[in-house]
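Trainee: Could you take me through one part of this model at close range? I would like to see how a single strand sits among its neighbours, and then what packs around it.

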Amino acid sequence: MPEKLNTQSIQGWLKNRPGWSRKSNALTKEYRFTSFRDSIVFVNRIAGLADVADHHPDIDVRYDRVLITLSTHSAGGITEKDLKLAEQLDHSTSAG
């Protein structure tokens, strides 16, 4: 089981990741797109990445916005799995 990261590790990671923030025991980011269709294309891309990583984020779609929340529930907080998937999500889109 992955280990929960300490606050310093998370804060250090967040400094280099625009748009990501920590909310309690999770990382969140809102991505904005030009259309609903573009939002859904991104969600489908997330599904593929999440299945490969065997780590599935909470996803909230609101027309042209996609809110991602990452946390490793079995560890009770943020782990390396969350950081890695967040980085993959950022690389899979030019939206911010």
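Mentor: Happily; what follows is a walk along strand E4 and outward to the parts around it.

Keep in mind from the start that this is a predicted model. E4 covers residues 65-70 and pairs with strand E3, residues 58-62, in the antiparallel sense over five bridges. On E4's other pairing, strand E2 (residues 26-32) also runs antiparallel to it, this time over six bridges. Both pairings belong to an open sheet of four strands, ordered E1-E2-E4-E3 and antiparallel in its pairing. The edges of that sheet are strand E1 (21-23) and E3, each of which pairs on one side only. From one strand to the next, the twist averages 25°.

Now let us look at individual partners. Ile68 of E4 is the bridge partner of Ile59, and Ile68 is also the bridge partner of Lys29. Next to Ile68 in the strand, Thr69 has Thr28 as its bridge partner. At the start of E4, Arg65 stands opposite Arg62. The hairpin that joins E3 and E4 has two residues between the strands, and Tyr63 there takes a positive phi near 50°.

The side chains of E4 are worth a slow look. In a regular strand the side chains alternate between the two faces of the sheet. Along E4, Val66, Ile68 and Leu70 point to one face and are buried, whereas Arg65, Leu67 and Thr69 point to the other face and are not buried.

Two helices that pack on the sheet come next. Helix H1 (residues 7-15) packs on the sheet by touching E1 and E2, and its direction makes about 145° with that of E1. Helix H3 (residues 80-91) also packs on the sheet, but touches E2 and E4, with its direction at about 5° to that of E2. H3 has 12 residues and spans 17 Å from its first C-alpha to its last, close to the 16 Å expected at 1.5 Å a residue. Its buried residues are Asp82, Leu83, Leu85, Ala86, Leu89 and Asp90. The cover over these buried residues of H3 includes H1, E2, helix H2 (36-53) and E4.

Leu89 makes a good place to stop within helix H3. Leu89 counts as buried because its relative accessibility is 0%, and buried means under 20%. Leaving aside neighbours within four places in sequence, Leu89 is in contact with Trp20, Tyr31, Phe42, Ile46, Leu49 and Ile68. That list brings us back to E4, where Ile68 is one of the buried side chains. Leu89 can also be placed against Val43: the two are 46 residues apart in sequence, and their C-alpha atoms are 9.9 Å apart in space.

Several of those contacts carry rings, so which residues do ring pairs link into a cluster? They are Trp13, Trp20, Tyr31, Phe33 and Phe42. The structure holds five aromatic pairs. In one of them, Phe33 and Phe42 lie 5.2 Å centre to centre with 40° between the planes, a tilted arrangement. Phe33 counts as buried because its relative accessibility is 13%, and Phe42 counts as buried because its value is 1%.

Another pair takes us back to the hairpin. The rings of Phe36 and Tyr63 have centres 6.5 Å apart and planes at 10°, so this pair is stacked. Phe36 lies in helix H2 and Tyr63 in the loop between E3 and E4, so the pair links distant parts of the chain, 27 residues apart. Are these two residues buried or exposed? Phe36 counts as partly exposed because its relative accessibility is 43%, while Tyr63 counts as exposed because its relative accessibility is 53%.

To gather the walk together: E4 pairs with E3 and with E2, has Val66, Ile68 and Leu70 buried on one face, and is touched by helix H3.

Key: Residues are numbered from 1 along each chain as its sequence is written. This is a predicted model: local features need pLDDT of at least 70, side-chain atom pairs count only at pLDDT 80 or more; totals for chains, interfaces and linings use all residues. Side-chain values use heavy atoms; hydrogens and water are left out. Two strands pair if DSSP finds at least two bridges between them. Buried means under 20% relative accessible area, exposed over 50%, partly exposed in between (1.4 Å probe, protein chains only). Axes are lines fitted to C-alpha atoms, for helices over the stretch in contact, and angles run from 0 to 180 degrees between N-to-C directions. Contact means heavy atoms within 4.5 Å. The expected span of a helix is 1.5 Å times one less than its number of residues. Rings of Phe, Tyr and Trp (its six-membered ring) pair if their centres lie within 6.5 Å; planes under 30 degrees apart count as stacked, over 60 as edge-to-face and the rest as tilted.
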